[in-house]
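Thanks for coming. I will put one chain on the screen and then walk through a few parts of it.

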Amino acid sequence: MNALASTGLTVDLALAGLTVGSAAALSGIGLVVCHRATGVLNLAQGAQAMLVAYLLRDLVVERDWPLWPAVACCLLLVAPALGVLLDVLVYRPLQRRGAGPAETMVAGLGVFVLLIGVVVLVWGAAPVGGAPSPFGGAPITLPGGHTLRPDTVAQLAAILVLALAVGATTRFTPFGLRLRAVVDDRRLAALAGVDADRVSAAGWAFGSFTAGLVGITLAPYLLLDPYGLPLLVMETMAVAVAARLRSIPVAVVTGLGLGVLQAELTRFRPDGQLLPLVQAVQANLFVVALLAAALLAGPRLADGDRPPSARPSPPPVRARGGGGAWAARAVCLVLLLLPLGFRGNDLRSALLVPALALVLLSIVVVTGYGGQISLGQAGYAGLGALGTALLMSGRIPGLPALPAAPALLLAVLATAPLGLLTGWPAIRRRGLALALVTFAVGTTLSRLVFQQPYATSGLVLDRPAFLAGDRAFYVAELLLLGLGAVVVRALHGGRTGRALSAMRDHEPGAAAAGVNVPGLKLFAFVAGAALAALGGGLMGMAGRAFDPAAFDPVLGLLWFAAVVVAGADSALAAILAAALIIGLDAGTAAGVSAVAVGALAAAIGHLPGGLANLATPRPPAPPPTTPTAHLTPTGHHLRTLVTTRRPASGTAPGRAEP
């Protein structure tokens with residue numbers, strides 16, 4: 001009897017897991033098809049899914065549209081149109097300019113944060129419920145008394161139809177032939193008469209359609225959250241990564257398998273202190289799978305993936321006379337000193353500017369100087385804040401409760417070596433593969449540590465007694481920020497900085513010149529982790545509490561995009577970006593900073609080098625040069641014969657000039 005009951009429970013859990021697994025499989029199909037048609041991994045898929053889910057809820061719940069006309073409008077009109085719009089305005093300029101994969105990735109992050117900001121401005125940041133389900137109804141009874149939700153059946157049917165349709169289209173239609181030609185070599189396909197732009201637009205329309213389908217199928221099971229839903233969909237990227245962005249069957253099987261496994265793991269409930277951690281892993285299995293898939297994917301994520309540029313944008317041009325640099329310094333100084341005249345809530349909001357600037361300095365070191373794409377710096381900032389709180393609360397075995405200053409220092413020293421979590425995979429990875437690893441590390445820290453009560457309950461996080469006042473604490477933050485900026489500038493101008501620049505500009509060339517590239521990568525990530533931890537600890541002290549939401553992975557993507565837009569290789573850019581993010585949200589409305597940063601990052605195809613290039617004069621373009629031909633000895637001999645015996649005009653071809 002117990003065996004039958006256990007078998008029945010296993011089947012019921014598997015059927016329940018198919019709901020989430022089918023949504024992940026749909027997400028994987030969209031990502032794979034979009035990548036195969038455009039060569040781009042759609043990092044903004046989660047934000048597109050969230051936007052379509054919010055729009056459907058607004059049409060049905062707020063505006064009283066009939067359900068199915070609203071679904072048809074969202075899936076057949078809005079979602080594909082959004083994909084085509086992104087292709088035309090964002091990605092096509094990058095392709096025509098010959099931008100590398102790293103710059104394309106930054107544009108995708110810009111679209112991600114832009115859409116989140118738009119949703120926050122239109123519908124607010126508070127989670128809302130009541131999302132309609134297009135496939136609701138009574139459960140379907142299967143043999144043995146098991147039940148299956150009708151929306152799960154609809155999702156499985158959609159997976160089957162889409163997979164067969166994509167397979168038939170790519171194999172047996174002229175469009176499929178053109179698609180394979182564009183994927184193999186876009187320029188050669190264009191020379192052969194293939195409209196590569198139309199193929200790319202079709203890929204983006206299909207990818208956006210599947211993103212919307214994922215959004216409306218997931219929304220009824222959870223609260224609509226501008227940050228939670230995009231992150232949840234982004235986690236399902238593990239399915240596409242496991243398929244190497246190539247195989248739809250692998251993506252479907254992986255998505256369904258992870259969904260079923262996540263449901264089955266709920267039966268495993270160990271006793272003791274392991275239970276909260278095991279439950280956290282069970283609830284965030286897709287995050288763990290994304291980290292594992294990104295680590296196992298190797299340096300190249302797809303067979304045709306070219307080695308990306310080491311930098312997310314071309315190097316900005318420096319002003320020769322230094323006028324632009326001095327103007328930027330003056331602006332930063334004014335922005336940092338202005339809050340000293342604030343009071344009350346205005347001053348408390350400004351406390352986050354120097355702290356966030358230190359976190360963004362870590363991105364300057366890792367990405368701007370070292371050329372390593374890191375999307376997980378929010379995780380190290382959270383570790384700095386959490387470590388400080390644990391040390392101040394006496395929660396570290398063998399250590400008494402420490403005052404604020406020593407606790408912050410020890411938290412920074414303890415977090416710095418953890419930079420190896422992202423530095424070690426960076427030794428053999430670049431571009432997209434490295435970006436996914438660092439994002440997965442940051443998301444894992446957020447989900448398995450920061451959001452778990454066993455790690456964050458009962459914490460004390462306060463300021464030193466002599467810095468209890470907001471103004472005094474702000475001055476202390478300014479001193480630490482100044483010290484951090486001086487250290488970063490000295491690093492950039494020294495021997496290590498020159499080695500970092502060489503590695504950033506051309507990694508194989510730097511290695512051939514004797515630069516210890518693996519050691520330098522580890523150094524960049526360790527130094528970046530230390531700076532991020534210092535800024536995160538100050539952020540916690542500014543708010544006098546540890547807030548997991550302050551270190552959300554989505555915010556980490558916003559921070560990265562802001563630094564790249566401002567100019568990734570400038571320490572001043574970190575200060576300007578921090579002031580922009582905090583100032584816009586505090587002075588206007590929540591979400592404005594995401595819209596501004598996202599719009600600028602999405603337009604990176606028109607702003608190579610970021611805003612730093614707009615403020616500095618460009619050197620004159622070099623005059624065109626005639627390429628020098630490299631000839632063999634036989635070629636030199638033939639050229640000599642041709643030039644010495646060239647026929648005069650009017651003589652018959654083949655007759656030598658007298």
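Which residues does Gly-497 touch, not counting those up to four places away in sequence? They are Leu-491 and His-492. Before going on, note that this is a predicted model.

Let me stay with Gly-497 for a moment. Gly-497 sits in helix 23, which runs over residues 495–505. With a relative accessible area of 1%, Gly-497 falls under the 20% cut-off, so it is buried. Leu-520 lies 23 residues from Gly-497 in sequence, and the C-alpha to C-alpha distance between the two is 9.9 Å.

What are the buried residues of helix 23? Besides Gly-497, they are Ala-499, Leu-500, Ser-501, Met-503 and Arg-504. The buried residues of this helix pack against four helices: helix 16, helix 22 (470–493), helix 24 (507–512) and helix 25 (517–543).

Helix 16 is the next stop. It spans residues 352–369, and Ser-362 is one of its residues. Ser-362 counts as buried because its relative accessibility is 0%. Leaving out residues up to four places away in sequence, Ser-362 touches Gln-377, Gly-528, Leu-531 and Ala-532.

Now the chain as a whole. It contains 29 helices and two strands. Of its 658 residues, 52% are buried. Taking contacts with a separation of 6 or more, 79% are between residues 24 or more positions apart. The exposed area of the chain is about 28,700 Å², and 67% of that comes from carbon and sulfur atoms.

Next, two helix pairs.

The pair I take up here is helix 2 (residues 45–62) and helix 8 (residues 196–218), whose axes come within 7 Å and cross at roughly 60°. An angle of roughly 60° is neither under 35 degrees nor in the 65 to 115 range, so helix 2 is oblique to helix 8. The crossing is right-handed. On the helix 2 side, the contact is made by Gln-45, Gln-48, Ala-49, Val-52, Ala-53 and Leu-56. Helix 8 contributes Ser-208, Thr-210, Ala-211, Gly-212, Gly-215 and Ile-216. By class, that contact has six nonpolar and six polar residues, with no charged ones.

The other pair is helix 26 (residues 553–567) and helix 27 (residues 571–587). Their axes come within 9 Å and cross at roughly 125°. How does helix 26 lie relative to helix 27? It is oblique to helix 27, because roughly 125° is over the 65 to 115 range and not over 145. This crossing is right-handed. Helix 26 supplies Leu-558, Trp-559, Ala-562, Val-563, Ala-566 and Gly-567 to the contact, and helix 27 supplies Ala-573, Ala-577 and Ile-581. Sorted by class, the residues in this contact are eight nonpolar, one polar and no charged.

One more element, then I am done. How many of the eight residues of helix 9 are buried? Six of them are, so to speak of helix 9 (residues 228–235) as mostly covered is fair. The buried residues are Leu-229, Pro-230, Leu-231, Val-233, Met-234 and Glu-235.

That is what I have on this chain.

Terms used: Residues are numbered from 1 along each chain as its sequence is written. This is a predicted model: local features need pLDDT of at least 70, side-chain atom pairs count only at pLDDT 80 or more; totals for chains, interfaces and linings use all residues. Side-chain values use heavy atoms; hydrogens and water are left out. Buried means under 20% relative accessible area, exposed over 50%, partly exposed in between (1.4 Å probe, protein chains only). Contact means heavy atoms within 4.5 Å. Accessible areas come from the Shrake-Rupley method with a 1.4 Å probe; for residues, only the protein chains shown count as cover. Axes are lines fitted to C-alpha atoms, for helices over the stretch in contact, and angles run from 0 to 180 degrees between N-to-C directions. A crossing is left-handed if the near helix is turned anticlockwise from the far one by less than a right angle, and right-handed if clockwise. Ala, Val, Leu, Ile, Met, Phe, Trp, Tyr, Cys and Pro count as nonpolar, Asp, Glu, Lys and Arg as charged, and the others, Gly among them, as polar.
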